[in-house]
Amino acid sequence: MNVNQQAHMASPYRQPQPALQGYSQPGYGEPPTQYAPYNGPNPGYQQGPAPAGYFPYSSLPSKALPATLASDLSSNSSSPLDLGPVRPSPNSGPPPMLTPQGYSQYTQGDVQNGPPTMSGQPHRPPVSQPYLPGSQPAYHQHYGAPHTGMQQMTNQMSGMHVSAPPPAVSGYAPSSHPQTSVSFSGVPSFSVSSQQNSPAASLTHGQPPSQPPFPGSPPLSQSPFPGVPPPGSQAQYSSTPPLPVSQPQYSSTPPLPVSQPQYASTPPLPVSQLQYSSAPPASSQAHYPGAQPPPASQAQFSGSSQTSPFHAPSSSFAPPAGAPRHPGVQPMQALPHSQYLSGPPRQPMQGPPLSQQNHVAPGPPQPGMAPGMQGPSAQPAPPGQGQGVHPHQNGAFGQMSGPQPGYGGSYPGPQNYGAQPPPPAAPPQKRLDPDSIPSPQVSELPAVQKTRHRIDPDAIPSPIQVIEDDQANRSSEPFTTGVRGQAPPLVTTNFQVKDQGNASPSYIRCTSYNFPCTSDMAKQSQVPLAAVIKPLATLPLDEVPPYIVDHGETGPIRCNRCKAYMCPFMQFIEGGRRFQCGFCSCVTEVPPHYFQHLDHTGKRVDCYDRPELSMGTCEFTATVDYCKNNKIPQPPAFIFLIDVSYNAVKSGLVDLICAELKTLLDYLPRESSEADSCIRVGFVTYNKVLHFYNVKSSLAQPQMMVVSDVADMFVPLLDGFLVNVNESRAVINSLLDQIPEMFADTRETETVFAPVIQAGLEALKAADCAGKLFIFHSSLPIAEAPGKLKNREDKKLVGTDKEKTLFQPQTSFFGNLAKECVAQGCCVDLFLFPNQYVDVATLGVVPSQTGGSVYKYTCFQVPSDGDRFLNDLRRDVQKQVGFDAVMRVRTSTGIRATDFFGAFYMSNTTDVELAGLDCDKAVTVEFRHDDKLSEESGALMQCAVLYTSCSGQRRLRVHNLSVNCCTQLADLYRNCDTDTLINFFAKYAYRSILNSPTKTVRDALINQSAQILSCYRKNCASPSSAGQLILPECMKLLPVYLNCVLKSDVLQPGADISLDDRAYLRQLVTSMDVAESHVFFYPRLLPLQKLDVEGDTLPTAVRDSEERLSKGGLYLLENGLHLFLWVGANVQQELLQSVFNTPSFGQIDPSMTNLPELDNPYSRRLRAIIENFRAQRPRYMKLMVVKQDDKLEPIFKHFLVEDKSTSGGASYVDFLCHMHKEIRQLLS
């Protein structure tokens, strides 16, 4: 049997932590209700002391092995990522036990943990063990010198210890999932903690935990140390102080000699010793009466990328058919909730297998392993597990394995925080499987990796697994928004939304859906309270766009005091004659025309007939009172300003733009009810001077007027500059034909830039309308004019305190110009085509402050970049956009919006002003407390955006969202959205580098994240060894995503990244929504060699690491800006023929940007996937074909973000260890 099938154990050596007081937490929750898998206390659970002497989940004894020389992370190692010396070679077996241990009849399958029994069992001196009333005698463990032989180490590695601490009860704050910890002797290991109220993933470094209780042990919740309270109610804790640091108490045994390891919270040991922070190791061997011990070879754990032990499994698997059982050993399974904290070990209960991420299955030995070691095997996932999760290739660690059969999982509700209910037939709560995070054996590793990989990458939280599980569990049912504080599915999950009173996650996502009631609690947790709002987001086709409500001349109904708009949070009183505001509690009279009677529940009888009363999002038509200068606005205008300097003409850019505009002007944005667009257009060309064009419909030919006085810009004509496309179609086409010919022989290389924006602004002022400027620009504006720039590119400043100046604009001129543009409603979109430095940090100021966009095409060439540019231009011109917009976020009493991130301008502290607001732009808002919040009323937010539509109509779009409030930290951590957190952290960091050195910004991010996780560990997790890294279930991917932000080109650039690219990416991320920032920082990597050409399902993605790539594979990587097709050197000829129309790897053309259109199913399916990816993203992604070991491969590998980067960024494994060290320092 594989040691994975060991039953659940509890460690009796869990010291209480005083810091855990004060945040009382409900015990085991009730079965899930429809919208709230995480519930309050179970009414059936009676708090109070448990019967004496019983330990949770006692079944098979477990054991730990003597320490080797490997260092624990707690030691004072030389560097943050020092994991100790290389493991020595094992050369002997583990010491046997004095007497046989009995086993419980309530075991889970036929399990033996550790190597085979030994016939001779030498006597060893006694060492402290707890005396457990009613249990078997204590066994003694000899602590000898560290072992150094290779064989001995191998034998030791086959023994390991699994412990489950007693579940936290309600005085603790901690969570109520049973927490399973797994420790390997002598190597860094991990423990998985999954908790019902605060599910967590935990990771232990190198402490063999204690011996668990034996069958017949005293009942649950009894403290293993006489005189030390169990992790129970707060009263127990407050009345009994924790043990003194230097005197851990073990019952009925003498204290340890000084020379032996100490178990209480002692200072870190020297590197050569192993710190036992939870307990003395138990015996390393157990006898199973009447059963043959399994061979040692099965004690090897196998890791899997798609079965991350950090996931909370939701059910148990039955053992494989035909699996042998030890005689008399019965499977151990879970009892219903009411029996969870007392009574005998649980009785079997069969249930269907569900998604069970923590399990890995045994498989055949891998080549290169030592005899007796068992490698991971690639087993198909059992039914129900993350549908269609394919095994991932694991490079040096062999194939990935499927889940381990035969285990109880944990309660199915919390697997996805805030998930909708599982099917009714789901089995009751089960214990977390004792799967471990294996560290690869020395003999498994290639020589180059022996010192590098101390932790198996397959065993740490996998983004792919989390994404797949969420897609499997939450995509089938619509997400209804009627319940307050529901966390939506992940941004990567395809799901339908039904608006029942809260805005769709497409419009608003929060970092947490459970806000702390007090500012002190928010400060303690350090979790930022923020919302990412995308006011004009495009909804999926199966969802209804916002209804437009017209209240006539009186306009929208509003609160008298705070001016919040009518929404589902308003409470009608006095028979419907008045309403009480949900935001400020002010009572307002209902206008006579809006009056309606109330039903027996206090709701208006027309509630469901009025979108503003029943929907989270709606749109009002605004009256003249909401218009600038109390005048109905004119329809907006688009002005195209084309650089006709030498570089632009010779690259073919001018030809391309003019040819495209002839057809593109037929697709200007319009209201769905209109046949033609109301938007007027104008044209300007420029180099050192500006050329305006009169394209009035009455002219036979266009007329050009030149303005050479760029220092004092004006528009030389009014009538005929901005025209209706249909009326002036012939003149416009004639102009677009002539422009390339007029400038074909130009020798002018210098350009201006600021006067170009001024020209467009003046034209819009003259026409008294809002609008958008499309500027096509190619070079640094060095000609004499306002806003003239100089080349300030200086790579020597990178990494110094002066680096921040490179992200700041050279001059304040553009900031002042942006302010003027916002006042007029003039939005600027900038298309850059540089061959060298153009100072994007300065040129991008006006676009980024007017709600515009910057597009950058370095070294533009029509054959390779033309498609990308034209697709970007088409989408930019056609997408939904609002002009002259003002956004305000109102909140209920207790919190307020304090900080804003995005592409906008603010003239005061509350109003976000956007000259243009399109469907891709997101604004991130941070909230802070200004008073206490109430758990009963929750927290409310309303985002109102006033804008002019493309037809010139003034509109108000209102989004409403309510979130819960909590007094327990565990509730806060249970309802966080990591993707939204990362969006906020990235924007916060990218703004901070304008004023601080990048290293300071990176350190601040790490510190805040460590504080978030250490607060969870201190206040919400069950007490456990300091060597465990315990992560909240819904934040277990925080380290990997945070590392991607820290390694990004903006914060940690490689030598080959230009300053312009860094400034461009910084501005781009600032207005990204959550879905864009997710794929930008953690790209999607699809294996294509097993593509289903008939169906429409995508292959399961693999993790972003080079060791996941197979030489015989084909992989597609996308991050929202780039699209790579990586071709392995050993791809089958048929596959190459199907995709590239060539059977030879050497004949593939790496310069192709589009795949050949071949008439075979594989080619059609692959091209459809690529087009689908492009359609999902706001920017067109150019395809780059990368052959293995080709010169382009380093660019591709830059996006494999789990690996160490060439710029010095840490690998995921190393960063996780570093975060663990930071957390431990904060806790100590």
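These legends walk you through a few close-up views of a predicted model.

**View 1. Inside the largest nonpolar core.** This core has 140 residues, and Phe692, Ile775, Leu1116 and Phe1140 touch the most other members. Helix α16 (residues 998-1019) chips in the largest share, eight residues. Apart from this core lies another one of 43 residues, including Val649 and Phe743.

**View 2. Who touches Ile775?** Leaving aside residues up to four places away in sequence, Ile775 touches Leu641, Tyr686, Phe753, Val756, Ile757, Val828, Asp829, Leu830 and Phe831.

**View 3. A nonpolar patch on the surface.** Met704, Val706 and Met742 make this patch of about 260 Å². Val706 sits in strand β18 (residues 703-707) and is partly exposed, with a relative accessible area of 48%.

**View 4. A salt bridge between Lys856 and Asp1061.** Here the closest N and O atoms are 2.6 Å apart. Lys856 is in strand β22 (residues 854-856) and Asp1061 in helix α18 (residues 1059-1070), so the pair ties together parts 205 residues apart in sequence. Is each partner buried or exposed? Lys856 is buried, at 6% relative accessible area, while Asp1061 is partly exposed at 24%.

**View 5. A salt bridge within helix α22.** The side chains of Glu1193 and Lys1197 meet with N and O 3.7 Å apart. The two are four residues apart in this helix (residues 1193-1197), so about one helical turn separates them. Glu1193 counts as buried at 6% relative accessibility, and Lys1197 as partly exposed at 30%. Elsewhere, salt bridges with shared partners join Arg875, Asp876, Lys879, Asp918, Asp920 and Lys921 into one network.

Definitions and conventions:
Residues are numbered from 1 along each chain as its sequence is written. This is a predicted model: local features need pLDDT of at least 70, side-chain atom pairs count only at pLDDT 80 or more; totals for chains, interfaces and linings use all residues. Side-chain values use heavy atoms; hydrogens and water are left out. A nonpolar core is a set of buried Ala, Val, Leu, Ile, Met, Phe, Trp, Tyr and Cys residues joined through side-chain atoms within 4.5 Å. Buried means under 20% relative accessible area, exposed over 50%, partly exposed in between (1.4 Å probe, protein chains only). Contact means heavy atoms within 4.5 Å. Patches are made of residues with over 30% relative accessible area and no salt bridge: like charges are joined within 9 Å, nonpolar side chains (Val, Leu, Ile, Met, Phe, Trp, Tyr) within 5 Å. Accessible areas come from the Shrake-Rupley method with a 1.4 Å probe; for residues, only the protein chains shown count as cover. A salt bridge is a side-chain nitrogen of Lys or Arg within 4 Å of a carboxyl oxygen of Asp or Glu.
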